[in-house]
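Q: I would like a close look at a single part of this model, followed by its surroundings. Please keep it brisk.

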Amino acid sequence: MKQLTLHKRLKQRMNLDFRPVWKEIMVITLPAFIELVMSTLFGMIDMVMVGRLGPAAITAVGLTNQPFMLLLAIFAAVNIGTTTLVAWQIGAGKPEKAEAVTRQALVISFVLGTVVSGIGVFLAPAIVGFMGAESDTFADATIYFQIVAAGLLFQVINMGITAALRGAGETKIPMLYNVGSNLFNVFGNYVLIYGKLGFPRWEVAGAAVSTTVSRLLACLAGLFVLYCSRYSVIHLKLKDDYRLHRPTVKRIFTIGLPAALEQFILHGGLMIFAKTVSTLGTLKFAAHQIGLNISGLSFAPSTAFSVASTTLVGQSLGAEKEEQAANYAMIVHKIALVVAVFNAVLFILFSYPMARIYTSDPAVAAAAGMVLKILALALPGQSTQFALAGALRGAGDTMYPLYASALGIWVFRVVVAYIFVRIFHWGLAGAWVAFVMDQYTRSAVVYFRFRSGKWKHARFRVG
């Protein structure tokens, strides 16, 4: 009876004639959007709390962001491959094969996550030093990096679970446990950064401990959903076969490795970009970090629309409905553009007040406000790039997002940003002008690939 109900739910999900296309898009997009926006807001609160300790504390935490993203880049291969394969199997009406893919993803995530956590703890001082930490930030940045790196395993497993659930179209459940863990993180920050309610005052280290514990809780919640919840489309058992299945692993990495390489290129370039900005001094880098933190309000909806594109295009192609896949992608893109323009207007009108939430230093707030105004110009390009790259990934066509990132990041955010900052002496504004150029370059590459229609047949090359 349970299996019959499951198949009925899947059939209803793919029988789209009974609901408008936009409604099917929003069923997947809205929970992902809420999850990402709330996570971003909690991240902003996190930075505000750290910011009350001073600009040096903001910089200490900010210096670790890109190295962490670089360490996690390898898992883009597992996550993108998992989401795409699960979506194909769900679209084809084969939930048991989607569950097999999920088991493989969990095993891979556990093994690689353990390795990455160890590397992060051991290399923390060298990484922080490479990022340009000065004497006033080195100690805090190192201890923060080590504590958060120790908990990367939990984050990695949670990412794999979320990737599988999103491929199945389940975005509400990950929203609930990820938002809950972030809410706990805010409470943990309050008591451990400032020493409230009888807890010790650990300042920057307290923020790191709170982050790690919240990620552990999210990981446990995700595992509970897979193994114990009857509301999930994907349901695993401990007695299932967890041995690595070479053909499945190969398909995951065939789809995902370009995405992982894209993330290495992306975050490697962003790390150098951050290093370039760090040469402007602690105050400018603090303003830069505030701007990046607030920019998450634009990345959250863009990422949510990317999730919707990947899931809906993947499920449509799994059901061999190519025109439906193209239709989904174009509608997602149009909705994403409307949201991007709305966000751009908000950033232009309220940039300085938003920056003042983070810092009492008027010079830092003014510089961060300038960053947000420049960022607003990039948002239409950013939304195009995210939405259509998500569609390409859902089709298994992951090379062109890689090409787009390589061109945009390394030409503009590495080379052009260096020229603007170090040679033309345009300061922080020059770095963010390079950011705008990067976004429109990447959006052009993925847009023309999408318009070519060749992505519709990429899944046949995966095997």
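Is threonine 59 buried or exposed? Please start there, then work outward to the cavities, the cores, the cysteines and the loops.

A: This is a predicted model. Threonine 59 counts as buried, because its relative accessibility is 5% and the cut-off for buried is under 20%.

Start with its place. Threonine 59 sits in helix H3. Leaving aside residues up to four places away in sequence, threonine 59 touches Thr137, Thr282, Phe285 and Ala286. For a sense of scale, take alanine 100. Alanine 100 is 41 residues from threonine 59 in sequence, and the two C-alpha atoms are 43 Å apart in space.

Next, the cavity beside it. The structure holds 5 cavities of 30 Å³ or more. The second largest encloses about 60 Å³ of space. Thr59 is one of its lining residues. The rest of that lining is Leu63, Gly132, Ala133, Glu134, Thr137, Ser278, Gly281, Thr282 and Phe285. Two elements give two or more residues to this lining: helix H3 (55-71) and helix H11 (282-318). By class, the lining has 6 polar, 3 nonpolar and 1 charged residues. Thr137, Thr282 and Phe285 appear here as lining residues, and they are also among the contacts of threonine 59.

Now the packing. The largest nonpolar core has 74 residues. Within it, Phe68, Tyr144, Phe145, Ile290, Ile294, Phe347 and Trp432 touch the most other members. Helix H13 (residues 362-394) gives the most to this core, with 11 residues. Take phenylalanine 145 in detail. Not counting residues up to four places away in sequence, phenylalanine 145 touches Thr64, Pro67, Phe68, Leu71, Gly120, Ala124, Ile127 and Val128. Another core of 32 residues lies apart from the largest one. Its members include Val78, Leu153, Val225 and Ile234.

Then the cysteines. The count of disulfides is 0. A disulfide needs two cysteine sulfur atoms within 2.5 Å. For cysteine 219, the closest cysteine sulfur is in cysteine 228, 13 Å away, so the gap is too far for a bond. The reverse holds too: from cysteine 228, the closest cysteine sulfur is that of cysteine 219, at 13 Å. Their settings can be stated as well. Cysteine 219 counts as buried because its relative accessibility is 3%. Cysteine 228 is exposed, with a relative accessible area of 52%.

Last, two backbone points in loops. Most residues other than glycine have a negative phi. Leucine 197 is not a glycine, yet its phi is positive, about 55°. Leucine 197 is in the loop between helix H8 (172-194) and helix H9 (204-228). At 64% relative accessibility, leucine 197 counts as exposed. Histidine 425 is not a glycine either, and its phi is positive, about 60°. Its place is the loop between helix H14 (399-423) and helix H15 (427-452). Histidine 425 counts as exposed, because its relative accessibility is 61% and the cut-off for exposed is over 50%.

Back to the starting point. Threonine 59 is a buried residue of helix H3. Thr59 helps line the second largest cavity, and that cavity holds about 60 Å³ of space.

Note on methods: Residues numbered from 1 in each chain as written. Predicted model: local features only at pLDDT ≥ 70, side-chain atom pairs only at ≥ 80, totals over all residues. Heavy atoms only, no water. Buried < 20%, exposed > 50% of the residue type's maximum accessible area, 1.4 Å probe, protein only. Core = buried A, V, L, I, M, F, W, Y, C linked by side-chain atoms within 4.5 Å. Helix = DSSP H or I, 4+ residues; strand = E, 2+ residues; numbered from the N terminus. Contact = heavy atoms within 4.5 Å. 1 Å grid on protein atoms, 1.4 Å probe; cavity = no way out; pocket = protein on both sides within 12 Å on 5 of 7 lines; lining within 4 Å. Points joined across faces, edges and corners; volume = space filled by probe spheres on them. Nonpolar A, V, L, I, M, F, W, Y, C, P; charged D, E, K, R; others polar.
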